[in-house]
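Q: Please take one part of this structure and describe it closely, working outward from a single residue to its surroundings. Cut-offs should be stated where terms come up.
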Amino acid sequence: MYKIVIINSEGKYDDNYYLIDAMTMGLPKFLATYIVENNGMRLMIDVGETLKSRKTIKKLKDLSLYPIDKIVLTHSHWDHAQGISKLYNLMKDSDMEVLASENAIENLKHPENMIEGFEGFEEVYPFEEMVTPLKEGDIIDINGLELEVLNLFGHTMDSIGLFDKTNKNLFAGCATVNRLDQDAFFVPLMPPDFHEAELLKTFNKIRNMRNELSSISISHFGVWKDNHFEQILDEMEDLYLKVKNFLIEWYNENPSIDFITSKYCKTLIPNSKFWNEKAFIVIVGMMINGLKLSGFIE
Ligand SMILES: [Zn+2]
Ligand SMILES: [Zn+2]
């Protein structure tokens with residue numbers, strides 16, 4: 001029997017899980033938000049950008065997932081967290097708790113701290129409400145379904161994952177590899193506070209969980225199960241190093257983003273159709289800024 005092992009379309013996909021496409025930057029299948037539901041309680045992971053907040057609420061209502069009881073932000077980058085203020089206000093009628101890494105609290109109050117290097121995405125919406133700070137090992141209880149908080153630093157220094165032991169799944173945010181589909185990927189080398197040594201530690205930490213997992217849910221994009229889950233774990237470090245070294249080489253040859261993007265698409269994702277140079281120019285620009293701000297290039 002044919003078995004689907006990559007889940008990338010919207011809606012319910014498992015007993016406790018739903019996927020909603022946040023349509024970030026207007027792109028389908030770029031940023032996934034997840035809903036975990038158990039015994040009537042709902043937790044949402046990441047919110048996407050402000051512009052899409054109303055649309056997100058409509059999708060939640062259409063899927064009978066409204067109201068949401070808890071929102072966890074995997075980290076404070078704009079594509080995951082920008083919409084939190086607006087969404088919170090639009091959901092004012094319900095009693096909702098927002099949770100994030102203890103390191104994310106200041107960044108959510110001062111989102112301008114986290115947009116350096118993201119040209120064209122400077123719009124900030126400070127979140128002034130209470131945020132419950134999370135640290136390594138904390139348990140979030142969804143009416144009996146427990147999610148364990150893991151620090152997955154490197155991509156940012158406020159990146160966390162949620163480990164669901166019962167369903168053998170890790171919600172990993174952007175901490176691994178951003179595999180958009182089988183033919184296209186980018187790596188978590190993003191401004192402004194990328195930290196390579198921490199990222200390599202995170203890779204190791206996740207690889208060590210291999211036996212406790214059968215799937216990994218990544219923000220960019222989808223749920224990778226069974227042998228596809230193994231693929232993510234096996235490839236993430238190699239892909240990161242390969243992309244980093246190529247970007248440095250191409251940048252030193254010619255710092256134009258057009259040039260580097262063309263090289264990237266031809267060399268690294270040659271079979272990709274939807275994720276072409278037009279879509280990747282922004283992503284490549286961000287990775288180059290990640291390299292600059294972490295000191296790999298000048
Ligand atoms: Zn990010
Ligand atoms: Zn992201």
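The part to describe is L147 and the strand that holds it, strand 10.

A: This is a predicted model, in which local features need pLDDT of at least 70 and side-chain atom pairs count only at pLDDT 80 or more, while totals for chains, interfaces and linings use all residues. Residues are numbered from 1 along each chain as its sequence is written, and chains are lettered from A and ligands numbered from 1 in the order in which they are written.

L147 lies in strand 10, residues 145-151. Strands (E, at least two residues) and helices (H or I, at least four) are DSSP runs numbered from the N terminus. L147 counts as buried because 26 C-beta neighbours fall inside 10 Å. The cut-offs are 20 or more other C-beta atoms within 10 Å for buried, 12 or fewer for exposed, and partly exposed in between, with C-beta atoms placed from the backbone. Apart from neighbours within four places in sequence, L147 is in contact with V36, I140, I142, L162, F163 and D164; contact requires C-beta atoms, placed from the backbone, within 7 Å. I281, by comparison, is 134 residues from L147 in sequence and 36 Å from it in space, C-alpha to C-alpha.

Strand 10 has partners in strand 9 and strand 11. Two strands pair if DSSP finds at least two bridges between them. Strand 9 (residues 139-142) pairs with strand 10 in the antiparallel sense over 4 bridges, and I142 stands opposite L145. These two strands form a hairpin with 2 residues between them, and N143 in the turn has a positive phi of about 45 degrees. The pairing of strand 10 with strand 11 (residues 160-164) is also antiparallel, over 5 bridges. Here L147 stands opposite D164, and L150 has G161 as its bridge partner.

The wider setting is an open sheet of 7 strands in the order 1-16-15-12-11-10-9, with mixed pairing. Strand 1 (6-7) and strand 9 stand at its edges with a single partner strand each, so one side of each has no neighbour in the sheet.

Helix 6 (residues 226-253) lies across strand 1, strand 15 (215-218) and strand 16 (222-225) of this sheet, running at about 100 degrees to strand 16. Axes are lines fitted to C-alpha atoms, for helices over the stretch in contact, and angles run from 0 to 180 degrees between N-to-C directions. Helix 6 also packs on helix 7 (residues 257-267) at an angle of about 140 degrees, with the axes 9 Å apart. That angle makes helix 6 oblique to helix 7, since under 35 degrees counts as roughly parallel, over 145 as roughly antiparallel, 65 to 115 as roughly perpendicular and the rest as oblique. Helix 6 contributes F246, L247, W250 and Y251 to the contact, and helix 7 contributes F259, I260, K263 and T267. By class, that contact has 6 nonpolar, 1 polar and 1 charged residues; Ala, Val, Leu, Ile, Met, Phe, Trp, Tyr, Cys and Pro count as nonpolar, Asp, Glu, Lys and Arg as charged, and the others, Gly among them, as polar.

There is also an open sheet of 7 strands in the order 2-3-4-5-6-7-8, again with mixed pairing. In that sheet, strand 7 (residues 97-101) is largely enclosed by the rest of the structure, because 4 of its 5 residues are buried.

Definitions and conventions
Contact = placed C-beta atoms within 7 Å.
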